[in-house]
Amino acid sequence: MKLIAGLGNPGIEYAFTRHNMGWLCIDHLVLRNNLGNPSHKFHGEIFHWHEKNTFLLKPETYMNSSGISVSEAVNYYRIELEDILIIYDDMALPFGKLRMRAQGSAGGHNGLISIISLLGDMHIPRLRIGIGKAPSSMINYVLGHFSEDEQKELPNIMDRAEEAVNAWLGGDIQKAMTIVNM
């Protein structure tokens, strides 16, 4: 069994903001695979992707407390760390660039800091989706809505993120990293 958690913030004011890239990816996977409506548990929305023996989670604890939701799901389903994929936005990458890693530090991302803290380990696979550097205020930028040009790029970015998820679901993180990080 696997868990894919897309990080974001609940509330209409955060919909389609750069900080919700993880949620957008989960929404894309749900729609593409006709996964239906979520269950509401683990302080979030969770979808069961039966064909892949995988759960998709959108924590509703707000970004900085994402670890609460993720750790509850991991503990309940007894999921191994290597069977978790965290999807989140990253300002260190140009807009739309994808990077997959098998482990590592949180790189200053508060959602990942929360997850690593509550799971007690940095050996958690993650898919980072670039949102580019903030031109001024970091908070205003990550919580800001996409520009028109960025909106046009979102379908392509979500398609590539779906390919990355499917590569990871194939079971070989090194192979998935080779595909994604080209």
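## His-28 and its surroundings

Leaving aside neighbours within four places in sequence, His-28 is in contact with Met-158, Asp-159 and Glu-162. In this predicted model, the side chains of His-28 and Glu-162 are also joined by a polar contact of 3.1 Å. His-28 belongs to helix H1, which covers residues 21-32, and with a relative accessible area of 14% His-28 counts as buried, because the cut-off for that class is under 20%.

## Helix H1

His-28 is not alone in being enclosed, since nine of the twelve residues of H1 are buried and the helix is mostly covered. Among the buried residues of H1 are Met-21, Gly-22, Trp-23 and Leu-24 towards the beginning of the list, together with Cys-25, Ile-26, Leu-29 and Val-30. The elements that cover the buried residues of H1 include strands S1, S3, S4 and S5, strand S7 (126-130) and helix H5 (148-169).

The length of H1 can be checked against expectation: at 1.5 Å a residue, its twelve residues should span 16 Å, and the C-alpha atoms at its two ends are 16 Å apart, so the two values agree.

## Strand S1 and its two partners

Strand S1 (2-6) is mostly covered, five of its five residues being buried. Lys-2, Ile-4 and Gly-6 point one way from S1, while Leu-3 and Ala-5 point the other way. In a regular strand the side chains alternate between the two faces of the sheet.

S1 is joined to S4 by four bridges, and these two strands run parallel, with Leu-3 standing opposite Phe-55 in S4. Four bridges also join S1 to strand S5 (residues 84-90), again in the parallel sense, and here Ala-5 stands opposite Ile-86 in S5.

## Strands S2, S3 and S4

Strand S3 (residues 44-49) has five of its six residues buried, so S3 is largely enclosed by the rest of the structure. Strand S2 (residues 39-41) pairs with S3 in the antiparallel sense over three bridges, and within that pairing Ser-39 stands opposite Ile-46 in S3. S3 is also joined by six bridges to strand S4 (residues 54-59), and these strands likewise run antiparallel; the bridge partner of Glu-45 in S4 is Lys-58.

Both of these antiparallel pairs form hairpins. The hairpin of S2 and S3 has two residues between the strands, and Phe-42 in the turn has a positive phi of about 55°. The hairpin of S3 and S4 has four residues between the strands, and there Asn-53 takes a positive phi near 50°.

## Positive phi in the loops

Most residues other than glycine have a negative phi, and most peptide bonds are trans. Phe-16, although it is not a glycine, has a positive phi of about 60°. Phe-16 is placed in the loop between S1 and H1, where at 52% relative accessibility it counts as exposed.

Asn-34 is likewise not a glycine and has a positive phi of about 50°. Asn-34 follows H1 and lies in the loop between H1 and S2. At 69% relative accessibility, Asn-34 counts as exposed, because the cut-off for that class is over 50%.

Methods
Residues are numbered from 1 along each chain as its sequence is written. This is a predicted model: local features need pLDDT of at least 70, side-chain atom pairs count only at pLDDT 80 or more; totals for chains, interfaces and linings use all residues. Side-chain values use heavy atoms; hydrogens and water are left out. Buried means under 20% relative accessible area, exposed over 50%, partly exposed in between (1.4 Å probe, protein chains only). Two strands pair if DSSP finds at least two bridges between them. A polar contact is a pair of N or O atoms within 3.5 Å; within protein, one must be able to donate a hydrogen and the other to accept it, and residues adjacent in sequence count only if both atoms are side-chain atoms. Contact means heavy atoms within 4.5 Å. The expected span of a helix is 1.5 Å times one less than its number of residues.
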